Structures are given as C-alpha cells and as structure tokens.
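Here is a short note to help you find your way around this structure. Have a look at it first, and then take the points in turn.

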2 protein chains.
Amino acid sequence: METLLYAQLADTLIAQIRGGVYKVGDRLPSVRSLSKREQVSIATVNSAYAILEERGWVEARPKSGYFVQRAQSVQIGKPRTGEVTSKPRAVSTKELALEVQREASITRSRNFSCAIPDLQLSIAAVIQKTLTRLSRQGTALGQGYDSTEGLFELRQQVARRGIDGGVHVSPDAIITTLGAQNAISLALRAVTKPGDIIAVESPCYFGLLQMIEAMGLKAIEIPADAETGMSVDALKLAVQQWPIKAILCISTFSNPLGCTIPDNHKQAIVNLAVRHDLCIIEDDIYGELQFDGPRPKTIKAFDPDGRVLWCSSVSKTMDPQLRVGWIAPGRYYDEVLRQKYTNYLAAPSLPQAVTAEVMSKGLYDRHLRQARLAYKQRSEQMLDLAERYFPQETLASRPKGGLVTWFEMPRRLDMTELYHQCRDLDIRIAPGELFSVSGLYRNYFRLNYANEWTPAREQAVQSIGDTLKSMLVSR
Amino acid sequence: METLLYAQLADTLIAQIRGGVYKVGDRLPSVRSLSKREQVSIATVNSAYAILEERGWVEARPKSGYFVQRAQSVQIGKPRTGEVTSKPRAVSTKELALEVQREASITRSRNFSCAIPDLQLSIAAVIQKTLTRLSRQGTALGQGYDSTEGLFELRQQVARRGIDGGVHVSPDAIITTLGAQNAISLALRAVTKPGDIIAVESPCYFGLLQMIEAMGLKAIEIPADAETGMSVDALKLAVQQWPIKAILCISTFSNPLGCTIPDNHKQAIVNLAVRHDLCIIEDDIYGELQFDGPRPKTIKAFDPDGRVLWCSSVSKTMDPQLRVGWIAPGRYYDEVLRQKYTNYLAAPSLPQAVTAEVMSKGLYDRHLRQARLAYKQRSEQMLDLAERYFPQETLASRPKGGLVTWFEMPRRLDMTELYHQCRDLDIRIAPGELFSVSGLYRNYFRLNYANEWTPAREQAVQSIGDTLKSMLVSR
Ligand SMILES: Cc1ncc(COP(=O)(O)O)c(C=O)c1O
Ligand SMILES: Cc1ncc(COP(=O)(O)O)c(C=O)c1O
C-alpha cells in the first residue's frame, strides 16, 4: 500500500536526521537517487519529502533539493521511572484529580489532560444512530431492574472479544460494570479490606491511586519501564518484603507510559502471584488500541486458577459517557457480584444494549481499525510537535498504542506549576504529581494526542512549549 | 368530584361491614335511602354498590337489593414489629436477596416480590419519546466524561422538587447518583469505616441491610411502628447504649411497612442526632408517592447543620432501569463526591438528561398525579383480595403511599417456605426473613401492588392464599 510506503520512508528519514546521519543544513538525497536506493516510486519519495517538509524537518529549495532544517530536539526514548520501590503509603488526597476530571469536557482544541478518545470519529454517529433506534424500539426500558450480572447480550460480546486477548471465559463468568474504574473498584472491594497493601506500577493512572486512598488501602509503587512496564524483579522483592494483597496493573499500553508488559513478563507476574497466593487486578482498558500488529495478550490469558480479575470498558473505544465496562473476576465472582448489587443494584440497561449492538454488528471492529490508524498518526504528530516546540531537555515516551504520551523535564521544574500556568492560558495538561503516591513525578506531565490535529491544537502545544522554556529560563 | 364521592362511600360501607355494622347475609340500605342519608346522588350510590359487588363484598339480588356476602377476613391493622431493640449484628449473607433481585423482571402478572412501579403507566411513553428525541439530537454524548457532580440540569430540577419536601439546597449542594441504593452506599462510605454501627428501622428494606453487611458495618435494629415508623424512644435508648455512627431510615412510606414518620418524630430524631453528634442518612425514595394530601416533609427539612444526607431516585416514579438518583449530603459533600469519583468517575449522561427533561416539562408532576391515584386504588384492591383469599389469621399493613404491603402470619409459619412454594408456582413474593438481621420476620412477607389488577394477577393472589391455607393446615 502506497500510504504505508511513503509513511515508512518518512519515518526512516526522520530517524536518520535524529540519529545525526544528516545534520542541520545538510542536503538530503535527490528524489531520483532515493527512489533508486529504496526501490520505491518517484511519487512515494515525493510524498515522503512532503511529510518532512510539512512537519518542519526539511526545507525545499527550488532547483537545489531538500535541506535539513532542524535536527532532533526532544529525545524520544525512555523517561526515567521510579528507580526504587517505595514503601507502602497512603495515597494523599488530591483535589487536583477531581479538578482535572471536572474540567475534562472543556473545548477539545485546548484539552490534553484527560485520556479521552477522539469523539468525532465515525463511531460517534454509529452510537447515536443505535441509541436512537433502540430508544424508539423501547429496548431496555419497562422491565424493572436489569439483572445484577448485566445484560446477557453484552456479556456475550465481551466473551467473544476476549478470545483475541487470550481470555477464554463464558458470558456467565462476566459481570458488566460502570466503566473500568468501577470494575476495578468492585474488584478491590471484593479482595481487600482497609489497610491492605496493593502493588501498583509507577507511574500509575491517578484514578486508580485515588481509588486506593478512598478505600483506605495502601499503595506500594513498583517501578515501571517505559517500554516493558512493571518491573518483575522489583515486584518480586516487594512481594517478599511486604504483605501485599493484590497486584493492580495496566497491562497493555499503560497510562501514562504507553508501555506494554511483554508476554514472558506477564507469565512471570502470574507465577509470582501463584507462588505468593496473590490476586491480580488487570486494567486492560487500552488493550485493543494497538497501533500495529495483533492485539496483545492479556495477563488473564496466563491465569491458571482464576486469580486474575480482568477489567475493561468501552470508554477509550466508544464514548466514556456511556459508562459501560466489565469484569471477569475468576474465583472472586460471587463477591464481586455482591459488591455490585450492594453498590447500585444493577447498571443502566440502555448503554449496555447499545454497546452490545454496535459490537455484534461488526461496527466496533470496523471502528477500531480506523481508530488505531488515526491514533498512531496523531501520536507521531504529537512527538513531532514536541520536537519542534518543547525545550531540548524534554524526554518523551513513544507509545505503541493507547491515547497518551508521558514527558519528562529536568528535575528542577515543577509540572504542577506548568499545569497552573497552562490553565491560565485555558490549556489543560495532566501534571505528573498525580501519578505517584510519593511525589516521584513532579517534573513530568502527560498529554493526550487522540484528537485530530488542528492549527489551534498545534498552537496550544506551542504555548505549552513556550511556557516550559520560560520556566527553564527563570529557574 | 364524582369519582371521589363514590369511592369514599364504598370505603365507608366496607368499613361498616368490617366493623360488624352489617353481618354476612344482612341487607344493606336501599339505594334511595342511602342517597338521602348520605346526601349524594342515586348514581353515586349505584357506583359505590357496583364497587362493593365487584370486590365481592356484596351480592345483588334482583328486586331485593344488596346483601353482605362476606365480612372481614384479613385484619387490616398493624403487623407487629420487633419489640425489642436488637444488639448490633453483622447482617448475614443472603443469596436470597440476590435471587429476588435477579428475578425481578419476570412476567409482571405473577411478580409481587420487588418494589417496582407500574411500568405501563403513561410516563413510560414519555420517557421513551424523550430518550429518542435526545438521542437523535446527540445530547449527552461526545463530550467526554460527565462531571462527577452530575448533570447540572438534573441537579437544578432536584433542587426545585426538594422544596415541596422542605429541602432547601442549591443545585451545587446535590450530587447525582446511580439510583438511591448508590446514593446511600456513597453516603455510608463517606461517613463510616468498617466495624461502625448503623441504626436501621426494623423491618428494613433488605437492599440496605445487604449493603451494610457488604461494607463490613454492623446494623442495630430499631423497632418501627406500622404507622409511625422508627421508634424514637427505642432509638434514644440505643444511642445511649451503643456507639452508633449513623441513623439510616426510610422516612416516608417506608419499605416494607408503608409507614411515615410524623413530623414531630422527625424533629425528635434530628434533635437526638444533634445531641449525640450523629448523622442521618435519609432514604426518601417514596416521598412523592403519597395517596392523599400534600407531600410529607423530609427529615432533611429539620436539618439544622448539614448532618442529614438526603437520598432519593426516580426508580419508583419513572423507571429503575434509568438508574438515576441523587444525594444532598450536607456537610459531607466533599467526601461523598470523592467516593463517587473513585467508584465510577461519573454517571452515564443520557438517563440524567432524560430525567431532567421530563421533570422540567411538567410531565413528571402530571405523571405523579396519575400514579398516586392508581397506586391508592391498587393498594385497596390488594387488601380486598387478601381479605377474600388469605387465611383469617393474616394481619396486613394499610400503606398511605408507596408500592408495598406487609403481611404477618402466625408465628409457626415460615414465609421463606411460602417463597419457595410460590416460586414453584412461578409466583414471586418477598419473604420476611430478608428484612431483619436477627431473624425477626420469618412469619412475614411483602407484596407489591403497583401493577394493574388483571384476572391473572388476582388469581396469583388467590394461589398465594391457598398456599398459606395449606401451610396452616399442615402445621
Ligand atoms: C488506565 C485507566 N483505567 C481506567 C480508566 C477509567 O475508565 P472508565 O471510564 O472505563 O471507568 C481510565 C480512564 O482514564 C484509564 O486510563
Ligand atoms: C427503600 C428503598 N431504598 C432504595 C431502593 C433502591 O432504589 P434505586 O433503584 O433507586 O437504587 C429501593 C428499591 O427497592 C427501596 O425500596
């Protein structure tokens, strides 16, 4: 496919510029010679150069060719993560988390703070049409309460989708929930009591840390690698040292790192859980949003005896306002069901029916194909913009799926201050402070790249960069 | 209004028959003489007699007049409630509660077990139309997460409706929830920690008892009078004797008794709470379903300092599948909001938008007028049927609002057995066992009268009666 060829070629050239093969001012190979060397058409080379020009890497000089205009600025690589395992700690209360949540629905052109999908992809119209049709038919009303287990048709779809991730459970082993947050909350209520210690990856999505605190639990932070996620060695040490009750981890395209635990590590984590009789709460909310290749395996795929509680939702793939999620709680089924019943009796039926319908009609899969491509391109554009506008000192993660990128700044900078300064400019970012229970990431921040790049959004990234630069100067 | 006159006259005559003024076989006054005595039209008397005949109280003998066919069988009055306050106890786990919930949506003609409203009243069409219209307009989608506080338009409507119950709070003091169950669950999480003791009325809706258990709390049962609800004296004693943390009560048209705490008792309970620095969680879910007169005051109306957490929902007035409820948590606002955030981030938007729309258009009030009349008549019909078909020994509550009646049988009978025997007949009742933490009500059961009386439903009541009679004989 032509599309992929020229994009690949552009990637290769950018990598060469980044790697110093061509420096600022250097002339790049002519279109003809490149076409010959790479064995692609002239059109493909022209398209690749057009992308490079578009993104500000090269300058076209009439009759002379393409010249490198800027070299690497932001380093794409591994932001450092916590290097030592923290002691178990109560998560401190953070008004900030609530504020970030509250402001999640402001103008999308200036909003980078929440991990919200692009809600203008064509799935939006599909959801709306399905909703209208089911409403008109009177589906999901007039039947009293939905069962606490949740709508069967949805559980059936979830069971079918699970297979791609190596999850083999029947619809009767699944309980629907109000999104993944609620699935994890029910899971924690089922397997812990206040005071218990939960192992989480570090950095970790703040919604989970806040939950742990509100439930009176303690979190122990296990350092995560920006590419392979939760460190198995650190986890091993922690489990030996502390009476850990459960491991909670975002197994695939984690938030905020965008990293995925490799299969052999997933297996190792399960082995560790078996040896120490722990349970694993798996947050797989980004599992189907890979940029390339097949959908990664879940931890649940390695579960030998029902100790993995697999949690997910359609908040990142359809619309978070639906609040549709699920859990396959393994051996903890009864207690999770009981927690759902006592918390809210049953979930609203209509959003479940809509989700089941969209999935069963194949519209969900069609959407995922489109979304994966869009998010891949937008993540690259995010990094390009960061390279163009952020200070040299910036380190950025390169996600392979999901919706967010994680940025590291020099240790002397406080990204909570960046958050406030951006807020004054009506731009929202997620400050790193939120992602740790022990203040590890004050010089980090997270940006969402899911929305289409518009001049306004690009300008917002520039403003973030300008703010960062002025903070660097004044420190 | 003619309607009310003849219904009133029928009531009077039934009361006279019950009171023994006319015995079985007696001839009732002629139409003409009754018309004169009661100063009503001939048509009114004819209608009243038609009702009596319809309900099986009298027999019309051509040319001779109306003769009493049956006298009182079931005693309408006060089923006994727990007479002594129990010690604090863990609520024992009951599979039964989950089973009752799971089977809540079986054929309505044979279902008396759940407190579900009549879902065929005209509000159903209103909800469906509104839902379809809002879906078509794309309301409540595509905006990321709803705020954790909940949809403003709904909070505004709730604030306005509250005024009738003496609740004066701004929309900003209200948080939307997933029904009343969830409101109460968030309230308990905000004000208690595991091991704490909660005072509940006895008998008490089992969903609340199950919640208390699942949260690791203890319940202390305060006897409730079948007409005036939670005993203030017993509560006073309990509060002096035990370190009670919160009072949880269904203040108006309670479930299962149908009783309402009088205003002076509401005031006394608040005074007690102030003196002992307790908080009060008020479940006001039936507050707007009075049969006659104005809407009763809430406990919140007497709240001097924000210690009452007012909870309610539209599950009994619109459709429980919407899962729309709310809480006005007073001084516990921050902690309740935090609990909602960590439990499920935000509620689904569409059901909230639909509810706000139906309320703001005046359609909710119009529906309530219809529903109150329907439920009043159906509750009377329930008692009439019980009188006709249930054993003489039956005692029944006479609710003045809400959806359920509470029946007491001789102590030697086990209504959990009735539940199972009825279940074999594909009829559902709610066994009394569920309504206590200390086994107080095994000889009681609860029936829902909300649905229209059809021959099939009447026959189901007869079957329940037959089962009861055969249980009496065999014991
Ligand atoms: C890793 C992770 N888990 C859970 C959630 C919550 O998702 P839901 O809307 O399904 O509750 C999010 C949302 O940001 C997330 O990023
Ligand atoms: C007294 C009482 N409280 C709460 C509930 C739960 O209501 P919701 O559906 O609003 O959660 C019920 C439902 O039966 C009830 O009767």
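1. Let us begin with a term: a polar contact is a pair of N or O atoms within 3.5 Å; within protein, one must be able to donate a hydrogen and the other to accept it, and residues adjacent in sequence count only if both atoms are side-chain atoms. With that in hand, look at B:S313, where a polar side-chain atom sits 2.6 Å from an oxygen atom of ligand 2.

2. Before going further, please note that this is a predicted model, in which local features need pLDDT of at least 70 and side-chain atom pairs count only at pLDDT 80 or more, while totals for chains, interfaces and linings use all residues. Residues are numbered from 1 along each chain as its sequence is written, chains are lettered from A and ligands numbered from 1 in the order in which they are written, and side-chain values use heavy atoms, with hydrogens and water left out.

3. Where does ligand 2 lie? You will find ligand 2 between chains A and B. There are 16 residues around it (a residue is near if one of its heavy atoms lies within 4 Å), and A:Y145, B:A180, B:D283, B:S313 and B:K316 come nearest.

4. Two other side chains of chain B also reach oxygen atoms of ligand 2: an N or O atom of B:Y286 is 2.7 Å from one, and B:K316 offers an N or O atom at 2.7 Å. Taken alone, ligand 2 exposes 390 Å², of which the protein buries 98% (areas by the Shrake-Rupley method with a 1.4 Å probe; for residues, only the protein chains shown count as cover).

5. Now turn to ligand 1, which also lies between chains A and B. Among its 16 surrounding residues, A:A180, A:D283, A:S313, A:K316 and B:Y145 come nearest.

6. The side chain of A:D283 has an N or O atom 2.5 Å from a nitrogen atom of ligand 1. Oxygen atoms of ligand 1 are partners too: a polar side-chain atom of A:S315 lies 2.7 Å from one, and an N or O atom in the side chain of A:K316 is 2.7 Å from one. On its own ligand 1 exposes 400 Å², and the protein buries 99% of that.

7. Which helix gives the most to the shell around ligand 1? That is helix 7 (residues 179-191) of chain A, with three residues (helices are DSSP runs of H or I, at least four residues, numbered from the N terminus). For ligand 2, the largest share is likewise three residues, from helix 7 (residues 179-191) of chain B.

Technical notes. Helices (H or I, at least four residues) and strands (E, at least two) are DSSP runs, numbered from the N terminus.
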